[in-house]
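Ready for a short walk around this model? Open it in your viewer, keep the selection tool at hand, and follow the stops below.

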Amino acid sequence: MLVVVAAAVAVGLVAAVRSLAAGGPDEDLRLVGGDSVVVQPGDTVWSIAVEVAGGDEDVRAVVDAIEEVNHLDGALVVPGEVLELP
């Protein structure tokens, strides 16, 4: 039981550190290099796709491409996660 609690605390701490390292919730989309982005608190695959599409592309197609490139099973993303952009 203690091992499970310790593991849960460790996962929470890693997520918190990643979130702090990635920036706060008031920041806009943060690019890492030219082809990736760090997920910020409150971000969704859809909100990231809107930024990437920039009004020129169909957001639904960009969502599909982001999910495919990152081998996502659905649209769940976690703050601090680095997503490759199509």
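Start by selecting Arg60 and Glu68: these two exposed residues sit on the face of helix H3 that is turned away from its buried side. Keep in mind as you look around that this is a predicted model.

**The other side of H3**

Now colour the whole of H3, residues 59-69, and pick out Val59, Val62, Val63, Ile66 and Glu67, which are buried. Why do they lie on the same side of H3? Around the axis they cover an arc of only 135°, which puts them together on that side. What covers these buried residues? Select helix H2 (45-53) and strand E3 (82-84), for the cover includes both of them.

**Across to H2**

Stay with H2 and highlight Val45, Ile48, Ala49 and Ala53, its buried residues. Their arc around the axis is only 130°, so they too fall on the same side of their helix, H2. To see what they pack against, show strand E2 (36-38), H3 and E3. Then step just past the end of H2 and click on Gly54, where phi is positive, at about 60°.

**Into H3 from its N-terminal end**

Follow the chain onward into the loop between H2 and H3 and stop at Asp58. Is Asp58 buried or partly exposed? Its relative accessibility is 38%, so Asp58 counts as partly exposed.

Show the side chain of Asp58 and look at what it does for H3: Asp58 caps the N-terminal end of the helix. If you draw a distance from a side-chain oxygen of Asp58 to the backbone nitrogen of Arg60, your viewer should give 3.0 Å.

Leave both residues selected and display the side chain of Arg60 as well. Asp58 also forms a salt bridge with Arg60, and the closest N and O atoms of that pair are 3.0 Å apart. How many salt bridges does a search of the whole structure find? The search finds one. While you are here, note that Arg60 has a relative accessibility of 55% and therefore counts as exposed.

**Out of H3 at the far end**

Travel along H3 to the loop between H3 and E3, and select Asn70 there. With a relative accessibility of 16%, Asn70 counts as buried. Which residues does Asn70 touch, not counting those up to four places away in sequence? Show Val82, Leu83 and Glu84 to see them. One atom pair deserves a closer look: the side chain of Asn70 reaches the backbone nitrogen of Glu84 at 2.7 Å.

The last stop is His71, in the loop between H3 and E3. Is His71 buried or exposed? His71 is exposed, and its relative accessible area is 72%. Check its backbone too: just after H3, His71 takes a positive phi of about 55°. Most residues other than glycine have a negative phi. His71 is not a glycine, and yet its phi is positive.

**One last view**

To finish, show H3 again with Asp58 and His71 selected. Asp58 caps the N-terminal end of H3, while His71 comes just after the helix. Turn the model to look at the face with Arg60 and Glu68, both exposed, then turn it round to find Val59, Val62, Val63, Ile66 and Glu67, the buried residues of H3.

Definitions and conventions:
Residues numbered from 1 in each chain as written. Predicted model: local features only at pLDDT ≥ 70, side-chain atom pairs only at ≥ 80, totals over all residues. Heavy atoms only, no water. Buried < 20%, exposed > 50% of the residue type's maximum accessible area, 1.4 Å probe, protein only. Helix = DSSP H or I, 4+ residues; strand = E, 2+ residues; numbered from the N terminus. Arc of directions from axis to C-beta. Contact = heavy atoms within 4.5 Å. Polar contact = N/O pair within 3.5 Å; in protein donor to acceptor, adjacent residues only side chain to side chain. Salt bridge = Lys/Arg side-chain N within 4 Å of Asp/Glu carboxyl O.
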